[in-house]
Amino acid sequence: MMDSAPENIQKSNFTFPQSQPYQARFMKTPLQRHCAFFDRDQDGVISMTDTFRGLRALGYNWMFCLLGVAFIHLTMSYQTSPSWIPSLSMPIYLDRIERCRHGSSTKAYDYEGNVVSYPAVQSVFTRFDHENKGGLNVSELAWMIWNLRDSYDLFGWIMSAAWWIALFVMAADKRGILSQEVMLSQYDGSIFYALERQQQQSKKEI
């Protein structure tokens with residue numbers, strides 16, 4: 001967990017480190033920007049190695065990274081594939097990432113991968129923040145995941161639960177609170193770069 005809430009990140013003016021040509025081609029929508037952090041070699045295709053390196057950059061241990069790679073690529077690769085024939089390397093193509101949207105979520109993304117409305121999404125978090133503390137503790141997060149599930153959508157429920165648990169582990173503060181700022185900034189991926197910088201800084205201080 002993080003020692004404190006991440007530095008302030010403005011979704012509207014955050015400067016992503018990728019080159020402008022890359023951003024113009026592969027980071028057109030918030031959903032693409034959310035995933036581009038894991039495209040470590042910046043070729044528009046997220047390989048299993050890319051995902052592993054991205055998870056390690058966020059501070060996860062080796063075992064979690066291996067499990068994360070298996071889960072992410074088994075569930076997301078084929079939907080983005082340009083071919084009907086599955087690839088054994090299970091790549092994830094950024095230019096088709098909107099196909100990986102699932103149910104039992106906050107419904108933040110539309111069919112093109114754009115965020116429908118940040119205020120609307122924030123109101124979902126506020127509804128489950130019972131003490132108006134600006135974020136959710138683990139029990140409130142679990143209650144949110146349970147209430148957002150869709151009928152007969154076991155896959156979406158599992159995907160949603162896995163993501164929110166992973167985000168809580170890497171980004172909750174010392175109080176055990178996942179702040180609304182963090183939850184909102186994950187939609188365009190800007191939180192990942194702040195977490196990576198914190199990991200790099202922590203290693204320098206050791």
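**Figure 1. Contacts of Cys100 in the predicted model.** Leaving aside residues up to four places away in sequence, Cys100 touches Met76, Gln79 and Thr80. The model shown here and in the other views is predicted. Cys100 sits in the loop between β2 and α5. Its partner Thr80 is 20 residues away along the chain, and the C-alpha atoms of Cys100 and Thr80 are separated by 7.3 Å. Cys100 has a relative accessibility of 11%, so it counts as buried, the limit for buried being under 20%.

**Figure 2. Surroundings of Thr106.** Thr106 belongs to the loop between β2 (92-93) and α5 (118-128). With a relative accessible area of 12%, Thr106 is buried. Residues touched by Thr106 are Val121, Val124, Phe125, Leu148, Trp164 and Tyr187, when those up to four places away in sequence are not counted. With Tyr187 there is also a polar contact between the two side chains, at 2.7 Å.

**Figure 3. Packing of helices α5 and α6.** Two packed helices are described by the angle between their axes and by the distance between those axes. For α5 and α6 (residues 138-147), the angle is about 120° and the axes are 9 Å apart. This angle makes α5 oblique to α6. The crossing of the two helices, α5 and α6, is right-handed. On the α5 side, the contact is made by Val124, Phe125 and Phe128; on the α6 side, by Glu140, Trp143, Met144 and Asn147. Sorted by class, the residues of this contact of α5 with α6 are 5 nonpolar, 1 polar and 1 charged. Val124 and Phe125 of α5 also appear in Figure 2, among the residues that Thr106 touches.

**Figure 4. Packing of helices α6 and α7.** The axes of α6 and α7 (residues 154-171) come within 10 Å and cross at roughly 160°. The two helices, α6 and α7, are therefore roughly antiparallel to each other, since angles over 145 degrees are placed in that group. The crossing of α6 and α7 is right-handed. From α6, the residues in the contact are Val138, Leu141, Met144, Ile145 and Trp146, and they meet Trp157, Ala161, Trp164 and Phe168 in α7. The contact of α6 with α7 has 9 nonpolar residues, with no polar and no charged ones. Trp164 of α7 is also one of the residues touched by Thr106.

**Figure 5. Thr29 in the loop between α1 and α2.** Thr29 lies between α1 (20-26) and α2 (30-36), in the loop that joins these helices. Thr29 counts as buried because its relative accessibility is 11%. Its contacts, not counting residues up to four places away in sequence, are with Glu112, Gly113 and Asn114.

**Figure 6. Gln42 and Tyr152, two residues with positive phi.** Gln42 is not a glycine, but it has a positive phi of about 55°. This residue, Gln42, is found in the loop between α2 and β1 (45-46). With 38% relative accessibility, Gln42 counts as partly exposed. Tyr152 is not a glycine either, and its phi is positive at about 60°. Tyr152 is placed in the loop between α6 and α7. At 87% relative accessibility, Tyr152 counts as exposed, the limit for exposed being over 50%.

Technical notes
Residues numbered from 1 in each chain as written. Predicted model: local features only at pLDDT ≥ 70, side-chain atom pairs only at ≥ 80, totals over all residues. Heavy atoms only, no water. Helix = DSSP H or I, 4+ residues; strand = E, 2+ residues; numbered from the N terminus. Buried < 20%, exposed > 50% of the residue type's maximum accessible area, 1.4 Å probe, protein only. Polar contact = N/O pair within 3.5 Å; in protein donor to acceptor, adjacent residues only side chain to side chain. Contact = heavy atoms within 4.5 Å. Axes fitted to C-alpha atoms, helices over the stretch in contact; angles between N-to-C directions. Parallel < 35°, antiparallel > 145°, perpendicular 65-115°, else oblique. Left-handed = near helix turned anticlockwise from the far one by under 90°. Nonpolar A, V, L, I, M, F, W, Y, C, P; charged D, E, K, R; others polar.
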